[in-house]
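Reader: I'm new to this one, so could you pick a single part and walk me through it slowly? I'd like to see how the rings sit, and then what lies around them.

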Amino acid sequence: MNIELKFTLIWALIIIPFFAGSILRGKILSPQLTAKRLIRVNLFFLEPLILFWTIWGMKLHAEVAILPAAGISTVIIGFLLGKAMLKVLKLDGISADSYLISSTLANQGMTLGGLICYLIAGEQGLALATIYVVYYLPFVFVFIFPFAKYASVRHNPDSGEKPAATFRDFINFFFNLQNLPLAAIIAALVFQGFSIQRPDMFFPLDYLLFAAITVYYLTLGINFQPGHISAAFKEQSALAVSKFLILPLLTFITLSFVELDHTVETVIQIQSFMPAAIYSVISSILFDLDAKLTSGLFVVNSLLFLGIVLPAMLLF
């Protein structure tokens with residue numbers, strides 16, 4: 001598959017479902033409820049299958065251990081950059097927490113980072129990308145979702161709920177159907193640990209992956225309103241500087257001081273360019289945060305990536 005076809009496929013998998021969702025929005029009685037149900041289709045069915053099969057089939061060796069370490073470092077840097085930007089942007093309340101989630105999470109998973117690696121290097125590329133983001137879903141489900149719930153309750157005291165701060169609340173949250181992708185990761189790693197070989201059989205990875213991406217961007221289109229783009233210009237600019245300039249530059253400087261396998265190094269550098277994560281929007285929808293802000297940040301960030309950053313990456 002040549003560069004032009006890869007670029008076209010990426011655009012098609014994102015733009016077509018997004019605009020389809022935008023059209024459906026006006027014909028649905030409850031767009032937010034529909035968006036939540038679509039998200040849960042992915043969380044309950046598609047993502048667990050994809051993650052279980054891909055991770056079960058990975059061939060692990062010592063050098064790739066640097067990948068999740070690089071991944072978690074982007075979370076830490078993104079969080080610190082977000083905190084610094086909050087002071088400049090003078091955000092507070094639920095909008096500040098929503099911006100912080102958008103700054104912390106990058107779209108390194110199957111919806112973009114993994115897709116690009118898959119299109120470039122096939123299942124091996126997806127496997128390396130999956131190793132890179134092995135931290136991602138545990139981090140989202142163990143930290144981001146509880147943080148989002150806590151922020152929602154803290155800023156909506158009339159909801160009648162209490163912030164999930166007790167150990168029992170944490171356990172109840174962890175063992176939740178929304179966390180099935182995390183359970184799939186754990187199950188696959190257990191199979192790896194017991195040296196249970198993945199059967200040599202047909203598995204519709206392509207179709208499941210493309211279906212999951214389609215559902216997520218359809219969901220985003222249903223939740224999105226045109227006003228989300230024009231709003232929060234300062235926040236969008238600040239996030240773009242963090243995602244596409246500061247973080248990739250820090251990654252490039254760090255990689256210049258270490259010697260790694262070329263493919264591993266390439267995956268790390270590519271993932272450092274990823275825009276705001278779709279899970280920032282998902283957390284806003286599921287826990288009633290500032291979905292208008294996170295949707296605008298995600299869409300503008302993604303458009304900048306697809307229109308400017310991705311073509312430059314494919315060329316150079």
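Author: Start with a group of six side chains: Tyr-135, Tyr-136, Phe-145, Tyr-216, Tyr-279 and Phe-287 are joined by ring pairs into a cluster. Keep in mind that this is a predicted model, so everything here is computed from it. Across the whole structure, a search turns up 15 aromatic pairs. Take Tyr-135 and Tyr-136: their ring centres are 5.9 Å apart and their planes stand at 85°, so this pair is edge-to-face. An angle over 60 degrees is what earns that label.

How buried is each of these two? Tyr-135 has a relative accessibility of 10%, so it counts as buried. Tyr-136 is buried too, with a relative accessible area of 5%. The cut-off for buried is under 20%.

Now follow Tyr-136 to its other partner, Tyr-279. Those two rings are also edge-to-face, at 6.0 Å centre to centre and with 70° between the planes. Here the sequence is worth a look: Tyr-136 sits in helix 6 (residues 136-155) and Tyr-279 in helix 13 (residues 278-287), so their pair ties together parts that are 143 residues apart in sequence. Tyr-279 is buried as well, its relative accessible area being 4%.

That long reach has company. Looking at contacts in the chain between residues at least 6 apart in sequence, 86% join residues at least 24 apart. Burial is widespread too, since 52% of the 316 residues of the chain count as buried. As for what the chain is built from, there are 14 helices and 0 strands.

Back to the cluster, and to one more member, Tyr-216. This residue of helix 9 is also among those that meet helix 2. Helix 2 (residues 31-56) and helix 9 (residues 205-223) pack at about 160°, with their axes 9 Å apart. With an angle like that, helix 2 is roughly antiparallel to helix 9. The crossing of the two is left-handed. On the helix 2 side, the contact includes Pro-31, Leu-38, Leu-46 and Thr-54, while helix 9 brings, among others, Leu-205, Val-215 and Ile-222. Sorted by class, the contact of helix 2 with helix 9 has 17 nonpolar, 4 polar and 1 charged residues.

For contrast, step away from the rings to helix 3. Helix 3 (residues 66-89) and helix 4 (residues 93-104) have axes that come within 7 Å and cross at roughly 145°. Their crossing is right-handed. Among the residues in contact are Phe-79, Lys-83 and Leu-86 of helix 3, along with Tyr-99 and Leu-100 of helix 4. By class, the contact of helix 3 with helix 4 divides into 9 nonpolar, 5 polar and 1 charged residues.

Helix 3 has another neighbour in helix 12 (residues 262-272), and there the axes are 10 Å apart at an angle of about 15°. That angle makes helix 3 roughly parallel to helix 12. Their crossing is right-handed. What meets what? Ile-66, Leu-67 and Ala-70 of helix 3 face Val-264, Val-267 and Ile-268 of helix 12. The contact of helix 3 with helix 12 has 6 nonpolar residues, no polar ones and no charged ones.

If you go back to the picture, try tracing the ring pair of Tyr-136 and Tyr-279 from helix 6 to helix 13. Then look for Tyr-216, which belongs to the ring cluster and to the contact of helix 9 with helix 2.

Conventions. Residues numbered from 1 in each chain as written. Predicted model: local features only at pLDDT ≥ 70, side-chain atom pairs only at ≥ 80, totals over all residues. Heavy atoms only, no water. Phe/Tyr/Trp six-rings, centres within 6.5 Å; stacked < 30°, edge-to-face > 60°. Buried < 20%, exposed > 50% of the residue type's maximum accessible area, 1.4 Å probe, protein only. Helix = DSSP H or I, 4+ residues; strand = E, 2+ residues; numbered from the N terminus. Axes fitted to C-alpha atoms, helices over the stretch in contact; angles between N-to-C directions. Parallel < 35°, antiparallel > 145°, perpendicular 65-115°, else oblique. Left-handed = near helix turned anticlockwise from the far one by under 90°. Contact = heavy atoms within 4.5 Å. Nonpolar A, V, L, I, M, F, W, Y, C, P; charged D, E, K, R; others polar.
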